[in-house]
Amino acid sequence: MNKNNYALIMAGGVGSRFWPVSRTDFPKQFIDFFGVGKTLIQSTYERFLKICPPENIFVVTNEIYTSIVKEQLPNLNENQILAEPIMRNTAPCISYGSMKIASLNPDATIVVAPSDHTITNQDAFIAAIEQSLKAASENDCLITLGIKPSRPDTGYGYIQYVENTLKTDNQIHKVKIFTEKPNIDLAKSFIQSGDFLWNAGIFIWSANSINKAFSKHLPEMHEIFLQGNPMYNTESEKEFISDAYQQCTNISIDFGIMEKADNVYVLPADFGWSDLGTWASIYDIAEHDYVGNAVIPAQHVMMFNSSNCMVNVPKNKLVILQGLHDYIVVESNNTLMICPRTEEQTIKQVVADVKAKFGTKYI
């Protein structure tokens with residue numbers, strides 16, 4: 001295992017699309033959605049143990065979640081948990097993490113990944129990451145993983161690539177353009193063209209390359225975190241970061257760096273990836289019974305004349321459903337939500353309405 005390989009796991013999201021199971025005080029990355037005995041962040045951490053030494057895995061999260069991270073990942077020490085004082089999107093947390101890691105090891109090569117995605121083909125994932133880490137250590141480049149699309153999906157961003165490849169790896173292509181979530185007609189044209197991939201939001205680069213990119217494309221943010229070099233990995237780090245985040249703009253790594261840099265490459269990959277953005281994506285991955293119901297957990301749920309439903313309820317609750325077809329049924333903390341699977345976008349509005357009427361108590 002290469003001692004220069006590092007992982008930065010991003011675990012700061014609130015996961016409001018999975019309300020009421022995922023809430024602000026306990027978001028989706030800390031939940032076992034599939035009843036397998038591991039939460040999403042635990043599964044992510046275990047994947048990277050096969051790529052990086054355990055001391056080289058860092059988690060960046062909102063400071064209100066640090067106690068949950070410690071509980072779910074007890075092998076992390078304090079220095080491996082990067083606590084953000086406020087939410088500022090992905091660019092600040094990546095700049096912070098990259099600077100901190102570079103101060104420990106200037107030769108570091110880093111993979112940055114969300115904590116709440118699922119991977120069904122672990123071996124293919126590890127192979128893609130290791131291939132990208134090797135390429136990033138040999139070239140001044142910023143690599144992202146692109147998922148070979150299986151359908152025209154409007155829920156993902158897309159990456160278009162060209163034939164040009166890295167000199168040291170002809171499977172890693174130059175990125176032509178990033179495209180935000182398209183409408184269905186545009187998504188269909190992307191699939192037909194054959195040179196578009198889903199944007200997985202997984203990045204690989206050397207600490208030197210990403211810090212140079214910040215210096216060029218987000219110089220003010222780069223300067224903010226550069227000032228922390230004497231304080232990273234010391235008792236002064238927390239106080240410095242508290243002040244630094246107040247100065248940072250709210251911007252994503254895609255918009256701030258990846259869409260601007262001219263040394264961005266993509267590795268087309270296929271390892272059973274899902275970003276678990278909706279209950280529908282949970283339904284797609286979960287096991288189904290013979291009439292299409294996905295029930296998690298299944299011990300105390302009885303279904304009569306019901307089909308193609310997504311049911312997620314606590315283990316100790318007895319639930320009986322009859323005559324329900326193509327619905328999402330979710331219960332948590334005595335809050336029940338039922339909506340048609342075809343109208344899942346209304347969940348966002350439901351959350352907003354609950355927040356407006358009852359405040360943040362139930363969100």
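Which strands and helices do the buried residues of H1 pack against?

## Helix H1 and its surroundings

This is a predicted model. In it, the buried residues of H1 pack against six elements named here in chain order. Four are strands: E1 (5-10), E2 (57-62), E4 (109-114) and E5 (118-119). The others are helix H2 (66-72) and helix H4 (122-138).

H1 itself spans residues 40-48 and is mostly covered. Of its nine residues, seven are buried. They are Leu40, Ile41, Gln42, Thr44, Tyr45, Arg47 and Phe48. In an α-helix there are 3.6 residues a turn, so residues three or four places apart point the same way.

## Two domains

The protein chain is divided in two. Domain 1 covers 5-274, and domain 2 covers 285-358. Their centres, taken over C-alpha atoms, are separated by 31 Å. Domain 1 brings 11 residues to the contact, and domain 2 brings 14 residues.

How much area is buried between domain 1 and domain 2? The figure is about 1,100 Å². Carbon and sulfur atoms give 73% of that area. On the domain 1 side, three residues stand out: Trp19, Pro20 and Phe34. Together they supply 48% of the area that domain 1 buries against domain 2. No other three residues supply more.

## A four-stranded sheet

One open sheet has four strands, in the order E12-E14-E16-E17. The pairing is mixed. Strands of a sheet pair through backbone hydrogen bonds, either parallel or antiparallel.

Why is one side of E12 and of E17 left without a neighbour in the sheet? Strand E12 (294-296) and strand E17 (335-340) stand at the edges, and each has a single partner strand, so one side of each stays unpaired in the sheet. On average, neighbouring strands are turned by 5° against each other, direction ignored.

E12 pairs with strand E14 (residues 310-312) in the parallel sense. Three bridges join these two strands. Within this part of the sheet, isoleucine 296 stands opposite asparagine 312 of E14.

## Cysteines without disulfides

How many disulfides does a search of the whole structure find? The count is zero. Cysteine 248 is in no disulfide, and the nearest cysteine sulfur, that of cysteine 93, is 10 Å away. Cysteine 248 has 6% relative accessibility, so it counts as buried.

Cysteine 309 is in no disulfide either. Its nearest cysteine sulfur belongs to cysteine 339, 11 Å away. Cysteine 309 also counts as buried, because its relative accessibility is 0%.

Technical notes:
Residues numbered from 1 in each chain as written. Predicted model: local features only at pLDDT ≥ 70, side-chain atom pairs only at ≥ 80, totals over all residues. Heavy atoms only, no water. Pairing = 2+ DSSP bridges. Axes fitted to C-alpha atoms, helices over the stretch in contact; angles between N-to-C directions. Buried < 20%, exposed > 50% of the residue type's maximum accessible area, 1.4 Å probe, protein only. Contact = heavy atoms within 4.5 Å. Disulfide = S-S within 2.5 Å. Domains from an automatic or database assignment. Buried area = accessible area lost by both parts, 1.4 Å probe.
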